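Me: I've got a model open and I'd like a close look at a single part of it. Could you walk me through that part and what sits around it?

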Amino acid sequence: MCGIYGYIGNTTINNFVDKLSLLEYRGYDSCGIAYNYNNHIILIRTKGNTNNLKRIINNNTIQIGIGHTRWATHGKISPINAHPHTSRNNRFYCVHNGVIENYQELKDKYNIQTISESDSAIIPVILDFLINKYSIIDSLKILIKEFVGTYAIAIMDRYNPETLYFIKNKSPLLISKSDNNISISSDQISFNDGEKIIVLNDLDYGSISKKEIIINNYLSDNERVTFIKNESQLCKRNEAYYMLDEIYFEKKLPSIISEKYKRIHLDEYKMTITTSKELVFIGSGSSYYAASILAYEYEKKLNKRCFSLIASEVKNFNISNNSMFITLSQSGETMDLCDAIDYLKSKNQRIISICNIVHSTIGFKSDCVYPLSVGREISVASTKAFMAMLYVGRGLLDNSYFNNSIYISHSIKNALLLEPKIIEISKRISSSNFIFYVGSGIDYLYSLEASLKLREISYLHSLSIQTGELKHGSLALVDFNTYCIGILSSLDSKARLESSLSEVSSRGGKTIIISNVYNKADLFYEGDSLGLIVIIQLIAFHTARLLNRTIDQPRNLAKSVTVK
Ligand code: F6R
């Protein structure tokens with residue numbers, strides 16, 4: 001994970017840190033910057049996110065700097081393990097996203113002692129060693145030969161204060177240039193709209209300066225993708241939390257997506273899903289649950305085998321030749337999914353992606369990308385992107401679904417109107433020691449997402465289980481402090497849900513029903529089942545808020561999971 005950012009131009013340190021803070025979704029347990037000021041390199045590192053950095057910086061103007069937001073993989077969260085790293089003679093300063101898997105071997109080979117436990121700390125030390133014999137560019141090439149693992153690395157050299165250097169493998173790295181600035185970043189989010197962006201290939205190495213961009217490749221010289229940055233707006237932060245804004249944005253999502261899809265040709269998708277023998281939906285986390293829900297709905301409608309796979313498990317399944325693979329991702333950068341796509345491509349499979357960030361690693365790797373078009377999601381817990389995956393997936397399956405936007409939007413609004421009642425329920429469950437979500441059929445799939453969302457941001461223990469399965473073991477967890485929340489989108493499952501919940505209440509547990517079809521449910525609204533998603537998201541949000549959690553940046557997590 002981690003975000004790296006490098007800049008050459010003319011800016012204030014505050015503005016530089018503001019750009020860096022846009023990468024915080026990749027990790028926010030610690031951060032740091034190094035910049036050249038009057039021919040001295042100033043290094044500042046701290047625990048926590050960039051707000052902590054802002055408290056200790058001044059607002060001088062700088063011409064060159066690198067910065068990093070960290071999600072710890074090697075070494076505890078501390079200023080010493082935060083980036084940039086430097087060597088003893090303080091010539092090179094490096095920021096790194098990824099993992100140098102053979103760092104222990106390299107430590108032995110180059111006889112390196114570092115105070116930092118981070119794998120990244122060896123990078124400037126090896127550079128110091130190589131620079132005695134080679135040019136910087138040749139040294140970068142040797143680093144590529146030496147490193148096993150994933151990396152996007154930006155390097156600042158005290159003796160070349162107008163140039164930044166880089167190497168890249170498997171972790172995203174992009175360069176953007178305008179008349180006055182040149183920057184390098186793990187994500188286009190830190191570039192300005194209208195700037196031309198170069199997407200670096202794996203094993204690229206080189207340098208950037210105001211004068212020139214030099215890009216070499218260790219193996220080949222395949223062309224690099226370029227595009228002009230033109231991103232839709234972020235959710236505006238009207239509330240104290242991005243997550244709440246992003247949930248409220250969902251009522252606008254049906255019309256935004258339907259409008260967009262009026263201009264997209266859908267015949268190829270239709271032909272692919274009709275002619276393939278089976279459809280395999282792939283994702284991680286919430287995107288895997290969206291994949292599972294879509295697989296369920298596609299199988300019902302198309303009457304052919306459709307199933308979902310967790311991205312990191314794809315290699316454990318036999319690949320059948322007549323399958324079509326549809327991947328889902330909000331960020332477009334999830335390493336597990338990138339690996340799954342590489343694996344499937346190595347078996348000559350075609351990949352369709354449904355993705356929020358089209359200009360992303362997953363977007364570039366796929367044969368065809370269908371956008372979510374809901375703007376970037378900032379809060380770590382996925383809400384509007386999850387909902388959009390379901391909306392787009394349903395619309396791609398049956399294009400007439402896109403004509404339902406008013407009805408779907410109305411359903412979402414009806415669900416949002418339940419917020420006062422949801423707050424009351426959140427008050428009750430926030431003191432619970434265990435919360436079950438149960439459901440049958442597609443409701444079980446909704447409940448998986450409900451449970452993940454709740455534990456992710458509230459840190460309460462929560463499990464999801466099929467309604468009928470509770471009595472086969474998990475009922476042992478129920479006591480007077482347990483809540484069991486049933487999801488019901490079809491009256492066919494009502495009797496089974498009620499009997500399961502009564503088994504819970506007979507043992508002292510508390511029960512709640514959420515439904516769009518059963519008007520005696522504790523939380524009932526009229527309309528499409530997508531409103532259920534709003535309710536489970538609001539339950540998670542309000543429970544976490546009552547428990548004073550850092551909702552947009554929950555502990556131990558990051559928005560974009562770019563490690564294995
Ligand atoms: C949960 C959540 C994660 C992501 C998962 C995949 O709220 O956000 O589980 O869904 O990390 O991320 P993307 O969709 O970016 O591939």
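In what order do the five strands of the open sheet run, and is the pairing parallel or antiparallel?

Reply: Keep in mind that this is a predicted model. The five-stranded open sheet has the order β16-β15-β17-β18-β19, and its pairing is parallel. Its edges are β16 (306-310) and β19, each of which pairs on one side only. Going from one strand to the next, the twist averages 25 degrees.

Start at the β16 edge. β15 and β16 run parallel and are joined by five bridges. If you want a residue pair to click on, G283 has I310 in β16 as its bridge partner. Although β16 is an edge strand, it is mostly covered: four of its five residues are buried.

Now jump to the other edge. There, β18 (residues 351-355) and β19 run parallel, with four bridges joining them. A handy marker is I354, which stands opposite Y370 in β19.

Next, the helices on the sheet. α10 packs on it and touches β15 (278-283), β17 (323-329) and β18, with a direction that makes about 160 degrees with that of β17. α12 lies across β17, β18 and β19, and runs at about 135 degrees to β18. So β17 and β18 turn up in the contacts of α10 and also in those of α12.

Both helices also carry a salt-bridge residue worth zooming in on. From α10, take K345: it forms a salt bridge with D367, and the closest N and O atoms are 2.9 Å apart. This pair links distant parts of the chain, with K345 in helix α10 (residues 335-346) and D367 in the loop between α11 (361-365) and β19 (368-371), 22 residues apart. How open are the two ends? K345 counts as partly exposed because its relative accessibility is 31%, and D367 is partly exposed too, at 35%.

From α12, take R394. Its side chain meets that of D528 in a salt bridge, at 3.2 Å from N to O. R394 lies in helix α12 (residues 384-397), while D528 is in the loop between β24 (523-524) and α17 (530-546), so this pair ties together parts that are 134 residues apart in sequence. Here R394 and D528 are both buried, whereas K345 is partly exposed. The R394 pair isn't on its own either: E297, R394 and D528 are linked in a network of salt bridges.

E297 is a good lead to the next helix, as it is one of the α9 residues that meet α15. The axes of helix α9 (residues 285-302) and helix α15 (residues 442-458) come within 9 Å and cross at roughly 170 degrees. That angle is why α9 is roughly antiparallel to α15. On the α9 side the contact has G285, S286, Y289, S292, I293, Y296 and E297, and they meet I442, L445, Y446, L448, E449, L452, K453 and R455 in α15. By type, the residues of this contact divide into eight nonpolar, three polar and four charged.

For some context, a search of the whole structure finds 18 salt bridges. One to set beside the pairs above is E259 with K262, whose side chains meet at 2.6 Å from N to O. E259 and K262 both lie in helix α7 (residues 253-262), three residues apart, about one turn of the helix. E259 counts as partly exposed because its relative accessibility is 40%; K262 is exposed, with a relative accessible area of 64%.

There is also another sheet to hold against yours. It is an open sheet of eight strands in the order β3-β2-β4-β1-β10-β9-β11-β14, and its pairing is antiparallel. β3 (40-47) and β14 (226-228) are its edge strands, each pairing on one side only. The twist in this sheet averages 20 degrees from one strand to the next. Within it, β1 (residues 3-12) and β4 (residues 61-70) pair in the antiparallel sense over eight bridges, and Y5 stands opposite G67 in β4. Helix α1 (residues 13-21) lies across β1, β2 (30-37) and β4, running at about 155 degrees to β1.

Definitions and conventions:
Residues are numbered from 1 along each chain as its sequence is written. This is a predicted model: local features need pLDDT of at least 70, side-chain atom pairs count only at pLDDT 80 or more; totals for chains, interfaces and linings use all residues. Side-chain values use heavy atoms; hydrogens and water are left out. A salt bridge is a side-chain nitrogen of Lys or Arg within 4 Å of a carboxyl oxygen of Asp or Glu. Helices (H or I, at least four residues) and strands (E, at least two) are DSSP runs, numbered from the N terminus. Buried means under 20% relative accessible area, exposed over 50%, partly exposed in between (1.4 Å probe, protein chains only). Two strands pair if DSSP finds at least two bridges between them. Axes are lines fitted to C-alpha atoms, for helices over the stretch in contact, and angles run from 0 to 180 degrees between N-to-C directions. Contact means heavy atoms within 4.5 Å. Angles under 35 degrees count as roughly parallel, over 145 as roughly antiparallel, 65 to 115 as roughly perpendicular and the rest as oblique. Ala, Val, Leu, Ile, Met, Phe, Trp, Tyr, Cys and Pro count as nonpolar, Asp, Glu, Lys and Arg as charged, and the others, Gly among them, as polar.
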